[in-house]
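User: Could you walk me through the surroundings of the ligand, and tell me how each label is earned?

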Amino acid sequence: MKPIELESICKTFHLGDTLVKALDKVDLCIDRGEFVAIIGASGSGKSTLMNVVGCLDRADSGQYRLEGQSVRDMDRRQLADIRNQRIGFVFQGFNLLARTTALENVMLPLLYYRGSLPAGKARQRAVEALQRVGLADRMHHEPNQLSGGQQQRVAIARALVNDPAIILADEPTGNLDSRTTLDVLALFQELNDSGITIVLVTHEADVAEHARRVIEMQDGCIRRDLLIANRRRAEVTALAGRRSS
Amino acid sequence: MKWQKLIVVALRSIARNRLRSLLTMLGIIIGVASVIALVALGEGSQADITAEIDSMGTNLIIVVPASADRGGVRGSAGSSTSLSLDDAETIKKEVPTVANVSAEIRLSEQVVAGNSNWNTSVRGVSETFPAIRNYQMVQGAFFSERDVKAKAKVAVLGQTVVDELFGGQNPVGRRIRIRNVPFQVIGVLGEKGQNGMGDDQDDVIMVPAPTALYRLSDGKTVRGILVSAATPGQIAEAKAQVTTVLRKAHRLRDGQENDFSLRDQSEISNMASQVTGTLTLLLSAIAGVSLMVGGIGVMNIMLVSVTERTREIGIRLAIGARSGDILLQFLIEAVILCLCGGLIGIVTGLGTAFTLGQVMGSGVVVNPSVILLSVGFTLAVGVFFGFYPARKAANLNPIEALRYE
Ligand SMILES: Nc1ncnc2c1ncn2[C@@H]1O[C@H](COP(=O)(O)OP(=O)(O)OP(=O)(O)O)[C@@H](O)[C@H]1O
Ligand SMILES: [Mg+2]
């Protein structure tokens, strides 16, 4: 059973009189443990695809199975629970709550967790997630006291905290300089090594080269889908410092 | 999603915007404070009036000429002569359930003592008057039955009159002149202070009823007869008997209307509480309207807050908050805003009531049910006016919310 299976997914937007086919019969399968980069021109439908896969949006037609389960007939509440427990999101703009500490930001998904989770346990999981991204020493800092790279790592920790099988990242390095980009990529590779399926949207070819598989989109369709033989490993030097701290 | 967590989230976002939260609450605070203060003062003055009516004497029944009771044109001399001193005597003799009876004549006179003079209320009453109206003496004695029978020219003064005519010195044994009639002062009444209408009850001179009637007045106008029933249980019986006796004395035939009317204390206090009750109701309605306006203020700010925090809502939805969670979060926030406003309002209202009560010298009654009611009402205002903005937040589309700048 594959984590993500899309069958002729269509999504059309109406802009006044014109119809924009953001997704046009997309077929896509992603296996467990894959690291997929999605590239393509602006407006080619990358974000729309991510939103459908992440259950933030519904397709107009087609079949989407998440871990073998069809999403089509689920109500808003079930979709919310899927976003909460099975999928982690990372956005270009970090999307952290302002004036809220890193720890509280990371604990946010646990606030909406349906199972029983004692407060102490929740906190512990958030601390562990922050340790995993190397920010344990910054947990009481608020977003405006953190650098862009650090903010994105907090966002990754938030995506990790509910132990999802899949992490979806829409241009996670779009707002970062090249050095911090490598930081974040190294982190994604590390998470991928631990078995998490990762789908990442990017504009930059050298970011895509860090994935194992690259999909190129054009006008709402998949134009190319290829495996990378020898992908690049991100420099971990940038991260060396945090290991010891 | 647990309630405590939601409450913490709501409190945090209220604390984040302290000034705005306070301003939002202001409408509620003013509304609740005015309800609490008005009701506390209203019930306080009602209690004052009740206490004062009780202090008028126990088991009191007042007989007045019929015309005096009809309002409108206050009884002209001719129409209010239906009561006489004989009526008082008849009641005393023939009604067994009556303990004390006193006629009452009221005159407004210029009174002279040496070089001083003072305009005051002169009352003609019987020797039983202090017993009926709970008056104490501080100096000398009240006049006796013999003084009354003899139409003696003796007077008992209230404290204000003593201050004005004698500079506060003991007047017992001194002389005063009322309408050029010399009177000897034989006693001073204990102080009673102001009554509910603000009249000085110590600005008074008591003289025997016949003396007042025949030496100072026209010999006809008796303003009323004060009767006290033997026990509280006998008030109704005494009223019936007094009516029968007076009808006989006035030779009224069957079917003819009474030319006098009777009131007892419970009727008087009912009338008083009706007036203050209506007033309280009116003021509460005004306060209720201001609470409503406060609620609309809360709704307005909540709507602004939802728009302002669209991105936050988007983030929460994206990481798995259900619409219901968002709805509850904003609803709880509105309710907490209203409740906090309500609590501050209660404290402010009580403070205002006690301060005003001190200044105006009127009583304050704290009624727990009014406090509970206003808490309940603010809760309802919070839910009612918070629901629409909260639902607006809950129904946001996560993608659009995230993209909102
Ligand atoms: N909410 C919307 N309403 C109308 N049209 C939309 C909406 N969202 C996306 N579109 C259109 O759908 C198409 C695909 O948009 P999408 O955001 O998926 O592109 P993208 O590949 O992510 O682009 P970029 O690289 O610039 O982020 C575009 O033409 C866009 O204008
Ligand atoms: Mg995009």
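Analyst: Happy to! This is a predicted model. By class, the shell around ligand 1 holds five nonpolar, seven polar and three charged residues.

User: What makes a residue part of the group around ligand 1, and which come nearest?

Analyst: A residue qualifies if one of its heavy atoms lies within 4 Å of the ligand. There are 15 such residues around ligand 1, with A:Ser42, A:Gly43, A:Lys46, A:Ser47 and A:Thr48 coming nearest. As for its place among the chains, ligand 1 lies between A and B.

User: Why is the pair between A:Thr48 and ligand 1 called a polar contact?

Analyst: The cut-off for a pair of N or O atoms is 3.5 Å. An N or O atom in the side chain of A:Thr48 is 2.6 Å from an oxygen atom of ligand 1, so the pair counts as a polar contact. A polar side-chain atom of A:His203 lies 3.2 Å from a ligand oxygen, and for A:Ser44 a backbone N or O atom lies 3.3 Å from an oxygen of ligand 1. Taken alone, ligand 1 exposes 630 Å², and the protein buries 72% of that.

User: What makes you say that ligand 1 sits in a pocket?

Analyst: The test is that more than half of the molecule's atoms lie within 2 Å of the pocket's grid points. Ligand 1 sits in the second largest pocket, so it meets that test. In chain A, β1 (4-15), β2 (18-30) and α1 (46-53) are the elements giving two or more residues to its shell. The largest share, three residues, comes from α1(A).

Notes:
Residues numbered from 1 in each chain as written. Chains lettered and ligands numbered in written order. Predicted model: local features only at pLDDT ≥ 70, side-chain atom pairs only at ≥ 80, totals over all residues. Heavy atoms only, no water. Polar contact = N/O pair within 3.5 Å; in protein donor to acceptor, adjacent residues only side chain to side chain. Areas by Shrake-Rupley, 256 points an atom, 1.4 Å probe, with all protein chains shown as cover. 1 Å grid on protein atoms, 1.4 Å probe; cavity = no way out; pocket = protein on both sides within 12 Å on 5 of 7 lines; lining within 4 Å. Helix = DSSP H or I, 4+ residues; strand = E, 2+ residues; numbered from the N terminus. Nonpolar A, V, L, I, M, F, W, Y, C, P; charged D, E, K, R; others polar.
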